[in-house]
Structures are given as C-alpha cells and as structure tokens.
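Here is a short tour for anyone who likes to know a fold before computing on it. Take a look at the sequence and the structure, then read on.

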Amino acid sequence: MATHAARSEHRRRIRLDDHLPVDHRLNRVYRIGAGLMGAGLLTFGIFGILDRIGFFDTGGDTVWSLNTNGALSWLSVAVGLLLLVGMVIGGNFASTLNMTLGVLFVLSGFLNMALLETDYNFLAFQIQNCLLSFVIGILLLVFGMYGRVGSALPHDNPYYRARHPGLADERDRNRERREEFPA
C-alpha cells in the first residue's frame, strides 16, 4: 500500500484537454472526421427539412432510405453544424467533440432500438436508423481517439510524452546521440 502511494506521486496525470501544437498531424485527422460526419448529417437534415415532413410525424417518410421526421431532420442539422464548428476549431476541441458525440450516437442507437415499435419513438427511427447511429458513433469515436489512446503511440506523440515523460526524454536523448554519432 505504501509503495503505491510513493509511486503515484511521481506519476503525472494526463488530461485529455492538453493542447497539441498548432501544426500537429493529428489535428488533420480530428478535423477530417468532424467535417465528414458533419457534412453528411447536415445534408441528411436539410433533405428532411426540404421534404416538409411533420415535426413528430411517424408516417414512414424517408430520406436516403432512412426514416425521418422534422425533429430528426432539425436535430441532424444541429449536430452536423456542431461537427462543422469542431472541424473549423480543430485540435483537441474537435477530438473531444468527436469522442463525446460518438458515445452519444452509440447510446442513441441503443435507446432508439429499445423504443422501436413503441409510442415513444418520436424520432421515427427504424432499424436502419439505429444501425447508422452505431456506425456514425463508432466512426466518430475512432476519429476522436486516433492518436490519443493506444499501446503503440509514437514517441513524439504529445499524449505519449505526457503519460511517460521520463521515457520520452530518454528516447529523445538516444535519438540525438544517434544523430550526433552515426554508426
């Protein structure tokens, strides 16, 4: 017990909101993920709005073979715009936004699957909507977590460096020695 306390004071806690350098290559992945998902959701929502479907209509109106109504269309537009804002801001904001919305999409898929064929299915979901919600959620999670979690992060990764500062410094010194004294 005492050894655990001694070791934990030397360990630095990583925060998921630590900022990446402005030009870090991971920023591109977060932006692309947010932009692609945001553009798709925005387009889906706009097509649903243009069809002038009732706000809570559950009559089986479809856009791209997915059931929709006015509420789902406006919700898709709002989430799509939020993801596009994340794309513009980029960095850790886009990454955290992707992860958060990814979890919400997966949970939404489960919740709406439980509500199928009930009176509480006010977003007019069908099974294909639930499956798409799972796919979008998993893609957003992958885009958001890329380069932040994993057992094989490169040593120049800022998240690796924050989790293993001593080891990262040692690897930097070894690399500098190899560059200074090539074999």
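Contact, in this report, means heavy atoms within 4.5 Å. With that in hand, Met-87 is a good place to start: leaving out residues up to four places away in sequence, Met-87 touches Arg-31, Ala-34 and Gly-35. Please keep in mind that this is a predicted model, and that every value below is computed from it.

## The chain as a whole

The chain has seven helices and two strands. Read from the N terminus on, its elements run α-α-β-β-α-α-α-α-α. Of the 183 residues in the chain, 38% are buried. Contacts between residues at least 6 apart in sequence join residues at least 24 apart in 66% of cases.

How confident is the predictor in the chain? The average pLDDT is 76, and 68% of the residues score at least 70. Confidence is highest in helix 4, at a mean of 89, and lowest in helix 1 (residues 2-10), at 49. Over residues 4-9 pLDDT stays under 50, and for this stretch the model has zero contacts beyond four places in sequence.

## Where helices 2 and 3 meet

Back to Met-87, which lies in helix 3. Met-87 counts as partly exposed because its relative accessibility is 30%. Its C-alpha atom is separated by 4.3 Å from that of Arg-31, although the two are 56 residues apart along the chain.

Another contact of Met-87 is Ala-34, a residue of helix 2. Is Ala-34 buried or exposed? With a relative accessible area of 0%, Ala-34 is buried. Beyond its sequence neighbours up to four places away, Ala-34 touches Leu-83, Gly-86, Met-87 and Asn-98.

The C-alpha separations of three pairs that lie far apart along the chain can be set side by side.

| Pair | Apart along the chain | C-alpha separation |
|---|---|---|
| Met-87 and Arg-31 | 56 residues | 4.3 Å |
| Gln-128 and Asn-67 | 61 residues | 8.1 Å |
| Ala-34 and Leu-97 | 63 residues | 8.2 Å |

Gln-128, in the second row of the table, is found in helix 5. Gln-128 counts as partly exposed because its relative accessibility is 31%.

## Helix 4 and the loop after it

Helix 4 has 25 residues and reaches 36 Å from its first C-alpha to its last, close to the 36 Å expected at 1.5 Å a residue. Asn-98 sits in this helix. Asn-98 counts as buried because its relative accessibility is 0%. Which residues does Asn-98 contact, leaving aside its neighbours within four places in sequence? They are Tyr-30, Gly-33, Ala-34, Leu-83, Leu-140, Leu-141, Phe-143 and Gly-144.

Just after helix 4 comes a backbone detail that may catch your eye. Most residues other than glycine have a negative phi. Glu-117, however, has a positive phi of about 60 degrees although it is not a glycine. Glu-117 lies in the loop between helix 4 and helix 5, and it counts as exposed because its relative accessibility is 74%.

## Helix 5 and the largest pocket

Helix 5 (residues 127-145) has 19 residues and reaches 27 Å from its first C-alpha to its last, close to the 27 Å expected at 1.5 Å a residue. Its buried residues are Asn-129, Cys-130, Ser-133, Phe-134, Ile-136, Gly-137, Leu-140, Leu-141, Phe-143 and Gly-144. Among them, Leu-140, Leu-141, Phe-143 and Gly-144 are also in contact with Asn-98.

Helix 5 also helps to line the largest pocket. Rolling a probe the size of a water molecule over the atoms shows where empty space is left. In this model, the largest pocket holds about 480 Å³ of space. The pocket is lined by 22 residues, and those nearest its centre are Leu-41, Leu-72, Ser-76, Phe-105 and Ile-136. The elements that give two or more residues to this lining are helix 2 (26-50), helix 3 (70-89), helix 4 (91-115) and helix 5.

Which element gives the largest share of the lining? Helix 5 does, with six residues. In chemical terms, the lining of the largest pocket divides into 17 nonpolar, five polar and no charged residues.

Terms used
Residues numbered from 1 in each chain as written. Predicted model: local features only at pLDDT ≥ 70, side-chain atom pairs only at ≥ 80, totals over all residues. Heavy atoms only, no water. Helix = DSSP H or I, 4+ residues; strand = E, 2+ residues; numbered from the N terminus. Expected span 1.5 Å × (residues − 1). Buried < 20%, exposed > 50% of the residue type's maximum accessible area, 1.4 Å probe, protein only. 1 Å grid on protein atoms, 1.4 Å probe; cavity = no way out; pocket = protein on both sides within 12 Å on 5 of 7 lines; lining within 4 Å. Points joined across faces, edges and corners; volume = space filled by probe spheres on them. Nonpolar A, V, L, I, M, F, W, Y, C, P; charged D, E, K, R; others polar. pLDDT = per-residue confidence, 0-100.
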